[in-house]
Amino acid sequence: QLSPFRFTVKRLFSTSHSSVDSKEMKKFQLLAHKWWDEEGEFSALHSMNDIRVPFIRDSLLNMSSNYHLGNPLAGVKILDVGCGGGLLSEPLGRLGASVTGIDPLEDNIRTADQHKSFDPVLAKRIQYKSSSLEEIVEESMETFDVIVASEVVEHVADLEMFIKCCSQVLKPEGSLFITTINKTQLSYVLGIVVAEKIIGIVPEGTHEWEKFVPPEELERLLEANGFSVKAVNGMLYNPLSGSWSWMESTSINYAVHAVKSGAQGQSSPTDTPSEMESEQPSATV
């Protein structure tokens with residue numbers, strides 16, 4: 001009889017031991033209606049699709065022998081964590097994937113739902129849910145072929161817990177794609193001083209440099225939690241042209257592709273980090 005009440009209480013207090021950071025939620029609450037304004041606060045995320053979508057698509061196609069012309073990701077189940085207004089969920093859905101987008105902010109989900117409803121094909125392929133990653137772990141163990149967490153890990157409260165949850169909901173040999181910002185002097189100058197305070201392509205206060213994640217730290221956490229890092233690629237944003245390109249250096253933005261170990265590797269997770277540490281991930285595109 002008490003279960004609905006208990007569920008409400010659980011929802012109210014879940015953020016206290018969650019990877020969701022309530023301060024971060026407040027920042028994005030004010031911008032929730034602006035996701036699809038290509039000239040607005042999220043313009044850099046719109047143009048990031050030009051490189052992050054092919055990176056995800058091609059990495060997956062290189063691992064698979066099933067090609068569907070026109071629908072290269074048909075049959076692939078993708079979880080888009082921190083999906084915002086659906087800027088990355090939609091192009092992945094157009095490639096044929098079945099996408100679940102989750103975001104702890106209900107206003108973001110409302111915006112995403114409304115936008116996908118304009119396209120009947122996407123309306124079928126994408127479902128959105130207002131939820132944190134931890135809240136779906138129980139019902140989604142080893143459910144997804146792919147997780148994307150693009151521009152999310154620099155906003156989470158507990159990165160290791162976040163990666164553990166990613167591993168739990170991924171199928172063995174599933175892929176995890178992360179894009180984020182390195183923690184360097186250059187990323188402070190360009191990512192915060194220039195981007196937020198001088199040219200204003202990102203709303204002021206969006207990022208905290210202390211929460212930026214160096215690739216070495218991300219790789220260490222991934223490999224300690226049963227992932228094998230396949231690629232770490234530097235990304236460069238040109239504010240004059242509003243376009244992104246790949247580059248050798250990971251000193252500002254970077255993208256990671258990691259693969260969860262297969263079913264056999266799971267029986268002895270303690271062995272994985274030491275084995276993996278000797279392998280240097282490829283840093284080429």
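**A walk through the predicted fold, starting at Glu-106**

With a relative accessibility of 47%, Glu-106 counts as partly exposed, because that class runs between the buried limit of under 20% and the exposed limit of over 50%. Keep in mind as you look around that this is a predicted model. Glu-106 belongs to helix H5, which covers residues 106-116, and Arg-110 lies in H5 too. Four residues, about one turn of the helix, separate Glu-106 from Arg-110. The two form a salt bridge, and their closest N and O atoms are 3.9 Å apart. That distance fits the definition of a salt bridge, because the cut-off there is within 4 Å. Asp-107 joins in as well: Glu-106, Asp-107 and Arg-110 are linked in a network of salt bridges.

How many salt bridges does a search of the whole structure find? The count is twelve. As a reminder of the chemistry, side chains of opposite charge can pair when their charged atoms come close. Two further pairs are worth a visit, starting with Lys-211 and Asp-21.

Lys-211 forms a salt bridge with Asp-21, with 2.7 Å between the closest N and O atoms. Lys-211 sits in the loop between H9 and helix H10 (215-224), while Asp-21 sits in the loop between helix H1 (3-13) and helix H2 (22-29), so this pair ties together parts that are 190 residues apart in sequence. Are these two residues buried or exposed? Both Lys-211 and Asp-21 are buried.

The other pair takes us to the strands. Asp-145 forms a salt bridge with Lys-171, and here the closest N and O atoms are 3.1 Å apart. Asp-145 is in strand E4 and Lys-171 is in strand E5 (residues 170-181), so the bridge links distant parts of the chain, 26 residues apart. Asp-145 is partly exposed, because its relative accessible area is 22% and buried means under 20%. Lys-171, at 29% relative accessibility, also counts as partly exposed.

Now follow the chain on either side of strand E4, which spans residues 144-150. Ahead of E4 comes the loop that connects it with helix H7 (133-137), and Ser-140 lies in this loop. Ser-140 is buried, with a relative accessible area of 8%. Which residues does Ser-140 contact, leaving aside its neighbours within four places in sequence? They are Gln-168 and Val-169. Glu-142 lies in the loop between H7 and E4 as well. At 36% relative accessibility, Glu-142 counts as partly exposed. Its backbone deserves a look: phi of Glu-142 is near 50 degrees, a positive value in a residue other than glycine.

Beyond E4, Glu-151 lies in the loop that leads to helix H8 (159-169). Phi of Glu-151 is near 60 degrees, again a positive value in a residue other than glycine. Glu-151 is buried, with a relative accessible area of 14%.

Strand E4 brings us to the interior. How many cavities of 30 Å³ or more are there? The count comes to one, and the largest cavity has a volume of about 50 Å³. Its lining includes Arg-52, Phe-55 and Ile-56, along with Leu-88, Val-148, Ala-149, Ser-150, Phe-177, Ile-178 and Thr-179. H3, E4 and E5 are the elements that give two or more residues to this lining.

Helix H3 covers residues 43-62, and His-46 is one of its residues. His-46 counts as buried, at 12% relative accessibility. Not counting residues up to four places away in sequence, His-46 touches Trp-35, Trp-36, Asp-37, Glu-38 and Leu-87. Take the contact with Leu-87: the two residues are 41 residues apart in sequence, yet 6.7 Å apart in space, C-alpha to C-alpha.

To finish, come back out to the surface. Leu-186, Tyr-188, Val-189 and Leu-190 form a nonpolar patch there, with about 310 Å² of accessible area together. Tyr-188 lies in helix H9, which covers residues 185-198. With a relative accessible area of 36%, Tyr-188 is partly exposed, so it clears the requirement of over 30% for patch residues.

Conventions. Residues are numbered from 1 along each chain as its sequence is written. This is a predicted model: local features need pLDDT of at least 70, side-chain atom pairs count only at pLDDT 80 or more; totals for chains, interfaces and linings use all residues. Side-chain values use heavy atoms; hydrogens and water are left out. Patches are made of residues with over 30% relative accessible area and no salt bridge: like charges are joined within 9 Å, nonpolar side chains (Val, Leu, Ile, Met, Phe, Trp, Tyr) within 5 Å. Accessible areas come from the Shrake-Rupley method with a 1.4 Å probe; for residues, only the protein chains shown count as cover. A salt bridge is a side-chain nitrogen of Lys or Arg within 4 Å of a carboxyl oxygen of Asp or Glu. Buried means under 20% relative accessible area, exposed over 50%, partly exposed in between (1.4 Å probe, protein chains only). Contact means heavy atoms within 4.5 Å. On a 1 Å grid over the protein atoms alone, a cavity is a set of points where a 1.4 Å probe fits but cannot get out, and a pocket is an open set with protein on both sides within 12 Å along at least five of seven lines; lining residues have an atom within 4 Å of a point. Grid points are joined across faces, edges and corners, and a volume is the space filled by probe spheres set on the points.
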